[in-house]
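Student: I would like to work through this model with you step by step, from single residues up to the whole chain. Could we begin once it is on the screen?

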Amino acid sequence: MSTMRAPAVADLDPRLIAGATLPELLTVVTDHDAPTDGTCPGCGWRTGRGQRVCPSRALARAVRERRPVPAWLLHLVDAVPGAFAPTPVDQAAERAAQDALPGLFDAPPRRTPGRAA
Ligand SMILES: [Zn+2]
């Protein structure tokens, strides 16, 4: 069992660092199409165990779709032209959406001490 290490700039596809055009980004996405549990054919990144995409593919997708980069790649945001971190507004909206989701269980009824239920 290997320990998950944080991806470094050296792990990224050089096209991402050079500032890829939209068609190039699509090529990066397809070149780094790793099997769900295995090794990325584009960069050798070990995928699986909850991490389904390699850093290059995740960043190429984020830049292409103009979405903020995923949290696990935030430290690489400055190395990739076009990549950006989520703004506090994005995070607040995400948190509000999560808070609005119904819970798995109802909260237990409050009991007032000293009073029989
Ligand atoms: Zn890859």
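**Questions on a predicted model**

Tutor: This is a predicted model, and P68, with 17 C-beta neighbours inside 10 Å, counts as partly exposed in it. P68 is found in the loop between α3 (55-64) and α4 (88-100).

Student: Which residues does P68 touch, not counting residues up to four places away in sequence?

Tutor: P68 sits in the loop that runs between α3 and α4, and its 17 C-beta neighbours inside 10 Å place it in the partly exposed class. Its C-alpha atom is separated by 9.7 Å from that of G82, which lies 14 residues apart from it along the chain. Once residues up to four places away in sequence are set aside, the residues that P68 touches are A62, F84, A85, P86 and D90.

Student: Does R66, in the loop between α3 and α4, count as buried or exposed, and what is its phi?

Tutor: R66 has 8 C-beta neighbours inside 10 Å, and because a residue with 12 or fewer is classed as exposed, R66 counts as exposed. Most residues other than glycine have a negative phi. R66, which follows α3, has instead a positive phi, and the value is near 55°.

Student: How many helices and how many strands are there in the chain, and in what order do the elements run?

Tutor: Read from the N terminus on, the elements run α-α-α-α. The chain accordingly holds four helices and zero strands.

Student: What is the radius of gyration of the chain, and what does the globule rule give for 117 residues?

Tutor: Along its principal axes, the C-alpha trace spans about 70 × 35 × 20 Å. The chain is more spread out than a compact globule, because its radius of gyration is well over the value of the globule rule for 117 residues. Buried residues make up 22% of the 117 residues, and among contacts between residues at least 6 apart in sequence, 39% join residues at least 24 apart. The radius of gyration is 20 Å, against the 13 Å of the globule rule.

Student: Which residues of α2 are buried, and on which side of the helix do they lie?

Tutor: The buried residues of α2 are L25, V28 and V29. They cover an arc of only 100° around the axis, which puts them on the same side of α2. On the other side of α2, P23 and T30 are exposed, whereas the buried residues pack against α1 (14-18) and α3.

Student: Which residues is V28 in contact with, leaving aside its neighbours within four places in sequence?

Tutor: V28 is one of the buried residues of α2, and those buried residues pack against α1 and α3. With its neighbours within four places in sequence left aside, V28 is in contact with D13, R15, L16, A20, S56 and A60.

Student: Which members of the largest nonpolar core touch the most other members, and which helix gives the most to this core?

Tutor: In soluble globular proteins, nonpolar side chains tend to be buried together. Of the 20 residues in the largest nonpolar core here, L16, L25, V28, L59, A60 and V63 touch the most other members. Both α2 (22-31) and α3 supply at least two residues of this core, and the helix that gives the most to it, with five residues, is α3.

Student: How many of the 10 residues of α3 are buried, and how many of the 13 residues of α4?

Tutor: The buried residues of α3 are P55, S56, R57, A58, L59, A60, A62 and V63, and what covers them includes α1 and α2. Helix α3 is therefore largely enclosed by the rest of the structure, whereas α4 lies largely in the open. The number buried is eight of the 10 residues in α3, and zero of the 13 residues in α4.

Student: What distance does α4 reach from its first C-alpha to its last?

Tutor: Helix α4 has 13 residues, and at 1.5 Å a residue the expected reach is 18 Å. The reach in the model is close to that expectation, at 18 Å.

Student: Does G19 count as buried or exposed, and how far is its C-alpha atom from that of V77?

Tutor: G19 is found in the loop between α1 and α2, and with 11 C-beta neighbours inside 10 Å it counts as exposed. G19 and V77 are 58 residues apart along the chain, and their C-alpha atoms are separated by 12 Å.

How values were computed. Residues numbered from 1 in each chain as written. Predicted model: local features only at pLDDT ≥ 70, side-chain atom pairs only at ≥ 80, totals over all residues. Contact = placed C-beta atoms within 7 Å. Core = buried A, V, L, I, M, F, W, Y, C linked by C-beta atoms within 7 Å. Rg over C-alpha atoms; globule rule 2.2 N^0.38 Å. Arc of directions from axis to C-beta. Expected span 1.5 Å × (residues − 1).
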